Amino acid sequence: MLLLWLGMLGGYAIGAVVTARTVFERGRAGFLGGPASGRSLAEFERRERPHIEVIALCSGVLWVTAVPVLLLRRLVASVVLARPRHGVRDGQQVRARISELERALGIGTYADTARRGHEPRCGTDR
């Protein structure tokens, strides 16, 4: 029984170390090879290392959930950051909808007319 517990703890520790190391290496590579390609290793050590170490430590401790996210990173990002399928509305529709909402709430250009006409604003005036 003790050997089983030690084996489980050892397996968890190995998974944690491998995951933390992978996350750290990805973070460092992302910083050094990111959009601003003129970054140096000294700049990484000074500015980003503590942040990436914390993220790697948390990922290592929670490696059971971090590994599937790392493996399915692109799928998760595409689902979470997906745009609506109906497309982009034109400016005229957006302006009309904003005007309709301002009129209903009595704000913006419709704020003075709502006060003069004593229309209820959001249910506060009765």
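In this predicted model, Glu25 and Arg28 are three residues apart in helix H1, and therefore about one helical turn separates them. Their side chains meet in a salt bridge, with an N to O distance of 3.8 Å. This distance qualifies because the criterion admits a side-chain nitrogen of Lys or Arg within 4 Å of a carboxyl oxygen of Asp or Glu. Glu25 also takes part in a second salt bridge, with Arg21, at 2.9 Å from N to O. Arg21 and Glu25 likewise belong to helix H1, where four residues, or about one turn of the helix, lie between their positions. An α-helix has 3.6 residues a turn, so residues three or four places apart point the same way. Side chains of opposite charge can then pair when their charged atoms come close. Arg21, Glu25 and Arg28 are thus linked in a network of salt bridges.

The members of this network can be placed by their accessibility. Arg21 has a relative accessible area of 49% and therefore counts as partly exposed, since exposed residues must be over 50%. Glu25 is partly exposed as well, at 29%, and Arg28 is partly exposed at 27%.

Helix H2 offers another example of a salt bridge within a helix. The side chains of Arg47 and Glu43 meet at 2.7 Å, N to O. Both residues lie in helix H2, four residues apart, which is about one turn of the helix. Arg47 is partly exposed, with a relative accessible area of 40%. Glu43, by contrast, has a relative accessibility of 18% and counts as buried because the limit for burial is under 20%. Altogether, the count of salt bridges in the structure comes to six.

The helices that carry these pairs belong to a fold whose secondary structure consists of six helices and zero strands. Along the sequence the pattern reads α-α-α-α-α-α. Helix H1 covers residues 2-32, and its 31 residues should span 45 Å at 1.5 Å a residue; the C-alpha atoms at its ends are 45 Å apart, so the expected and modelled spans agree.

Beyond its charged residues, helix H1 contributes a set of buried positions: Gly15, Ala16, Thr19, Ala20, Val23, Phe24 and Phe31. The packing partners of the buried residues of H1 are helix H2 (41-61) and helix H3 (63-71).

The contact between H1 and H2 can be followed through aromatic rings. Three aromatic pairs are present in the structure. In one of them, Phe24 and Phe44 are arranged edge-to-face, with 6.1 Å from centre to centre and 65° between the planes. This pair joins distant parts of the chain, as Phe24 lies in helix H1 and Phe44 in helix H2, 20 residues apart. Phe24 is buried, with a relative accessible area of 7%, and Phe44 is buried with a relative accessible area of 0%. Phe44 also pairs with Phe31 in a tilted arrangement, 5.8 Å centre to centre and 50° between the planes. That pair again links distant parts of the chain, with Phe31 in helix H1 and Phe44 in helix H2, 13 residues apart. Both of its members are buried. The geometric labels follow from the angles, because planes over 60 degrees apart count as edge-to-face and those from 30 up to that limit as tilted. Through these ring pairs, Phe24, Phe31 and Phe44 form a cluster.

A further feature is found at the surface. Leu71, Leu72, Leu75, Val76, Val79, Val80 and Leu81 make a nonpolar surface patch of about 730 Å². Helix H4, residues 73-80, gives the most to this patch, with four residues. Leu71 belongs to helix H3. Its relative accessible area is 69%, and Leu71 is therefore exposed.

The totals for the protein set these details in context. The accessible surface comes to about 10300 Å², and carbon and sulfur atoms account for 65% of that area. Of the 126 residues in the protein, 14% are buried. Among contacts with a separation of 6 or more, 51% are between residues 24 or more positions apart.

How values were computed. Residues numbered from 1 in each chain as written. Predicted model: local features only at pLDDT ≥ 70, side-chain atom pairs only at ≥ 80, totals over all residues. Heavy atoms only, no water. Helix = DSSP H or I, 4+ residues; strand = E, 2+ residues; numbered from the N terminus. Buried < 20%, exposed > 50% of the residue type's maximum accessible area, 1.4 Å probe, protein only. Contact = heavy atoms within 4.5 Å. Areas by Shrake-Rupley, 256 points an atom, 1.4 Å probe, with all protein chains shown as cover. Expected span 1.5 Å × (residues − 1). Phe/Tyr/Trp six-rings, centres within 6.5 Å; stacked < 30°, edge-to-face > 60°. Patch = residues over 30% accessible without salt bridge, like charges linked within 9 Å, V, L, I, M, F, W, Y side chains within 5 Å.
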